[in-house]
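This report introduces a protein chain to a reader who has not seen it before. The sequence and the model come first, and the description follows.

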Amino acid sequence: KAIHHHSLRYHLLLLLSSCFLWAVVSSTQNTDPSTTPPPPSQVLEAIKICREKLAVDPHFPKIQYSLAQLLDSQISHSSSSNDDYNDALVAEVLQLYLDVGQPSSSVIEKRIPPAKIRFASLTRAGTIAKDILRDIPQATNIFSLAMSLDGIEDASILLAFEAIMPTLMSSVTVEDQMEVIISPEGITTSGTSSEHQTTQVAFDLCNVVDKKCPKETIGDQYRGALLRRMKQPELAYQSYHRAVVKSEKNMMDAEAESDPKILGNIALVGNFVRTSVLASAAAREGGENFQRQMNYLLDAEKLAAPLFASIMGYENQDIVDEHAKESFKDLIVDLYNNMGITEKKQGSFKRARDFFAKALEINPKDGHALVQLASVDDGSNVIDNVVSSAKDLDPEYVSALFDGYSSRFESELVDVLQYKGHVLLHNAFMKALRQLGRSPLSVKKIVDLGC
């Protein structure tokens, strides 16, 4: 009986291991033809064995995790679009991952999974809720649980944070009556609506990152973005300023350790440039003087320009890969554009032209620099030649311009420019209907001729 028991268990472990390998290979989209997934019959048999085991012993996280991974591999390859997913299968996988990530009180202590396994289960559950179910509140709650676990590396916490925050930020809408409350535990907001709750969760996640990863700047950056959206420019500026201080400290620590890795320097300096640009823009919105705004950008240029010249000279991709070069180049272009905009707002058009010209030296197709340079035209042929030589704007610039403006288009049009054409049209339309003795509901079709 003992021999039979160990033989069966060994066979099961081999079978599960092959399936796990398939799931991992599939998830990373490995196209190596030498990698052969196990036959579907073996996968189904392994799923059957796991389910039989759980039917007898339902509080066994290790088996639940095995079954979740096996079924997860079926989700990944059973559909080409989100609409075709098997709802029951997705729900089962989600619940299995949650059971592993949050073991119930019925699970005996020696069976409780390690923190890394619980974290991996919760982040996968959060991803399923976000990307497949499109349930942002549930996904946010799950990622929050994952980030709150103890014993997780900083890098993993930051990955989870960055996985959910862009989606969460896109669903944040700020109410006029929402108030910001500052306390030693972080920022909280007043209110009871669903919009308030979403905003508060976003702040809570920023607070978690600050607590668990105190050296990282990403929490301050997202907090600053939230505060800008809430029309709290002074608080937003303070948050971005903290990010700059942290970023500078991280560079000083790396220099003290004499870290020779150029890629490490690119990451650290790149983050410093990014946070400096954000802090400068926030300083302008927060009412800080011109010199304070410009100092952030000048400090960033002082560090970034020599490193940029250095890395552009490296031909060996083993030292600096092409992606790192391009990303850093985009940051430098953004830096010079912001320096030009800051000078332009101060009325220093010549200095603004010089900075936009520097941006175009690095990327002649940069739409932002081209448009800004044209806006400070001094009537010389030099600018005319530069602008006219551009056959078209960088498609990415055009896309980003419209995408970035779309969210504030209505408020800019109505609140800032005081546009009221739609109000006049509506009032005239209603007056005409009243004169005809007709109800607005009687109008079945309206043709919009646009502009």
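Helices here are DSSP runs of H or I with at least four residues, strands are runs of E with at least two, and both are numbered from the N terminus. Counted in this way, the chain has 19 helices and two strands. The model is a predicted one.

**The chain as a whole**

The chain has 451 residues, and 38% of them count as buried. Its exposed area is about 26700 Å², of which carbon and sulfur atoms supply 55%. Among the contacts with a separation of 6 or more, 60% are between residues 24 or more positions apart.

**Helix 6**

Helix 6 covers residues 136-148. At 1.5 Å a residue, its 13 residues should span 18 Å, and the end C-alpha atoms are indeed 18 Å apart. Its buried residues are Ile136, Ala139, Thr140, Ile142, Phe143, Ala146 and Met147. They lie on the same side of helix 6, because they cover an arc of only 165° around the axis. In general, an α-helix has 3.6 residues a turn, so residues three or four places apart point the same way. The N-terminal end of helix 6 is capped by aspartate 135, which has a side-chain oxygen 3.1 Å from the backbone nitrogen of glutamine 138.

**Helix 8 and its salt bridges**

Helix 8 runs over residues 194-212 and includes glutamine 200. Is glutamine 200 buried or exposed? Its relative accessibility is 13%, so glutamine 200 counts as buried, the cut-off being under 20%. Neighbours within four places in sequence aside, glutamine 200 touches Ile187, Thr188 and Thr189.

The structure holds 17 salt bridges, including these three:

| Salt bridge | N to O distance |
|---|---|
| Lysine 212 and aspartate 150 | 3.6 Å |
| Arginine 223 and aspartate 210 | 2.3 Å |
| Aspartate 220 and arginine 242 | 3.4 Å |

In the pair of lysine 212 and aspartate 150, lysine 212 belongs to helix 8 and aspartate 150 to the loop between helix 6 and helix 7, 62 residues apart. Lysine 212 is partly exposed at 22% relative accessibility, whereas aspartate 150 is exposed at 63%.

Arginine 223 pairs with aspartate 210; arginine 223 lies in helix 9 and aspartate 210 in helix 8, so the bridge ties together parts 13 residues apart in sequence. Arginine 223 is buried, at 3% relative accessibility.

Aspartate 220 pairs with arginine 242; aspartate 220 is in helix 9 and arginine 242 in helix 10, so parts 22 residues apart in sequence are tied together. Aspartate 220 is buried at 1%, while arginine 242 is partly exposed at 37%. A network of salt bridges links Asp210, Asp220, Arg223, Arg242 and Lys246.

Technical notes
Residues are numbered from 1 along each chain as its sequence is written. This is a predicted model: local features need pLDDT of at least 70, side-chain atom pairs count only at pLDDT 80 or more; totals for chains, interfaces and linings use all residues. Side-chain values use heavy atoms; hydrogens and water are left out. The expected span of a helix is 1.5 Å times one less than its number of residues. Buried means under 20% relative accessible area, exposed over 50%, partly exposed in between (1.4 Å probe, protein chains only). The arc is that of the directions from the helix axis to the C-beta atoms. A polar contact is a pair of N or O atoms within 3.5 Å; within protein, one must be able to donate a hydrogen and the other to accept it, and residues adjacent in sequence count only if both atoms are side-chain atoms. Contact means heavy atoms within 4.5 Å. Accessible areas come from the Shrake-Rupley method with a 1.4 Å probe; for residues, only the protein chains shown count as cover. A salt bridge is a side-chain nitrogen of Lys or Arg within 4 Å of a carboxyl oxygen of Asp or Glu.
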